[in-house]
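Trainee: Please take one part of this model and go through it closely. Then show me how that part relates to the rest.

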Amino acid sequence: MVNSQPILSATGLSMEFRGFLAVKDVTLSVNEGTVHALIGPNGAGKTTVFNLLTKFLTPTRGRIMFRGADITRLKPAEVARLGLVRSFQISAVFPHLSVRDNLRVALQRPSNLATQFWRSSNVLSKVDDQAMSLIDAVGLSRYEHLPAVELSYGRKRALEIATTLALDPTVLLLDEPMAGMGHEDIGRISELIRRIAKQRTVLMVEHNLNVVADLCDRVTVLARGEILADGAYDVVSADPRVREAYMGTEHE
Ligand SMILES: Nc1ncnc2c1ncn2[C@@H]1O[C@H](COP(=O)(O)OP(=O)(O)OP(=O)(O)O)[C@@H](O)[C@H]1O
């Protein structure tokens, strides 16, 4: 359900790279329970904003709040523990482990389970149950024994999402989840994100505007490091300034 409370917000974010201002005074909020997209033409600053929000970069200026706490100076692992988790970077997939073993590893990472040098069979069977339910949630049940390396591209990304979900994020951050995918995989991953978003907030950078139109409740458009528009896709995509920013640029 869509809630109007901001769960993640940025105020006056700026990022300077050796004199070049890549992000200028960006203020945005991501509301709880929404799928929120960051879009914009090439070089608009999407990746930089995403890296700032996920704490992979520290802003030159500005403040980032997550669930009421100031996280501006925290490290990615610290915000991940608070429930703000970025997929594809944090979630390492081990190519020669099976789908199921990848999930087992991921599930034993976040909790203090990993620090125990013995585990009761009770704990391990709980991990197995959780692994199976995550595998099922991302539609990989048929492939549970397959090494990750043998999965198709789209299924590999579904596995990455599953290993990220193992950290039980409140906000899931996806960096171009559809990049390099064919039509069928795009449909499958869109469906997966839609299902995930029923219980969590999702923020994604996405180039494919059809996906954004189909999936996202709210869209923030960046151009030349600044926010150009913010709102529902239908509204922002009809904005002449947004159309002009996209004109002559390749965005799909
Ligand atoms: N580490 C860096 N050092 C210097 N300049 C950078 C750095 N990272 C990004 N930039 C510059 O900041 C601007 C915004 O880049 P960014 O990658 O955030 O845009 P983007 O919207 O994600 O682009 P794309 O859609 O092409 O991925 C670009 O002009 C880029 O060259």
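Mentor: Ser14 has Arg61 in S4 as its bridge partner. That bridge belongs to the pairing of strand S1 (residues 6–17) with strand S4 (residues 61–66), which is antiparallel and runs over 5 bridges. Here two strands are said to pair if DSSP finds at least two bridges between them. The strands themselves are DSSP runs (E, at least two residues), as are the helices (H or I, at least four), both numbered from the N terminus.

Two remarks on reading the model come first. Residues are numbered from 1 along each chain as its sequence is written. The model is predicted: local features need pLDDT of at least 70, side-chain atom pairs count only at pLDDT 80 or more, and totals for chains, interfaces and linings use all residues.

S1 and S4 are part of an open sheet of 4 strands, in the order S2-S1-S4-S5, with antiparallel pairing. S2 and strand S5 (69–70) are the edge strands, each with a single partner, so one side of each has no neighbour in the sheet. In general, strands of a sheet pair through backbone hydrogen bonds, either parallel or antiparallel.

The edge strand S2 contains Asp25. Asp25 is not a glycine, yet its phi is positive, near 50°. Asp25 is partly exposed because it has 14 C-beta neighbours inside 10 Å. On this scale a residue is buried if 20 or more other C-beta atoms lie within 10 Å of its own, exposed if 12 or fewer, and partly exposed in between, with C-beta atoms placed from the backbone.

S2 also leads to the ligand. The residues around the ligand are Phe17, Phe20, Ala22, Gly40, Asn42, Gly43, Ala44, Gly45, Lys46, Thr47 and Thr48. Strand S2 (20–31) and helix H1 (46–53) are the elements that give two or more residues to this shell. A residue counts as near the ligand if its C-beta atom, placed from the backbone, lies within 6 Å of it. H1 makes the largest contribution, with 3 residues. By class the shell holds 4 nonpolar, 6 polar and 1 charged residues. Ala, Val, Leu, Ile, Met, Phe, Trp, Tyr, Cys and Pro count as nonpolar, Asp, Glu, Lys and Arg as charged, and the others, Gly among them, as polar.

Helix H1 is largely enclosed by the rest of the structure, because 7 of its 8 residues are buried. These are Lys46, Thr48, Val49, Phe50, Asn51, Leu52 and Leu53. Just after H1, Lys55 takes a positive phi of about 75°. Lys55 sits in the loop between H1 and S4, and it counts as buried because it has 22 C-beta neighbours inside 10 Å.

Val49 of H1 takes us to the core. Val49, Leu103, Val138 and Ala162 touch the most other members of the largest nonpolar core, which has 68 residues. Domain 1 (1–87 + 170–252) and domain 2 (91–166) both contribute to this core, so it lies between them. A nonpolar core is a set of buried Ala, Val, Leu, Ile, Met, Phe, Trp, Tyr and Cys residues joined through C-beta atoms within 7 Å. In soluble globular proteins, nonpolar side chains tend to be buried together. Leaving out residues up to four places away in sequence, Ala162 touches Leu103, Leu134, Ile135, Ala137, Val138 and Leu140. Two residues are in contact if their C-beta atoms, placed from the backbone, lie within 7 Å.

The domain assignment gives domain 1 as 1–87 + 170–252 and domain 2 as 91–166. The contact between them takes 11 residues from domain 1 and 11 residues from domain 2. On the domain 1 side, helix H6 (residues 183–196) gives the largest share, 5 residues. That side of domain 1 has 7 nonpolar, 2 polar and 2 charged residues. The domain bounds come from an automatic or database domain assignment.

As for the whole protein, it has 9 helices and 10 strands. Of its 252 residues, 40% count as buried. Among contacts with a separation of 6 or more, 67% join residues 24 or more positions apart.
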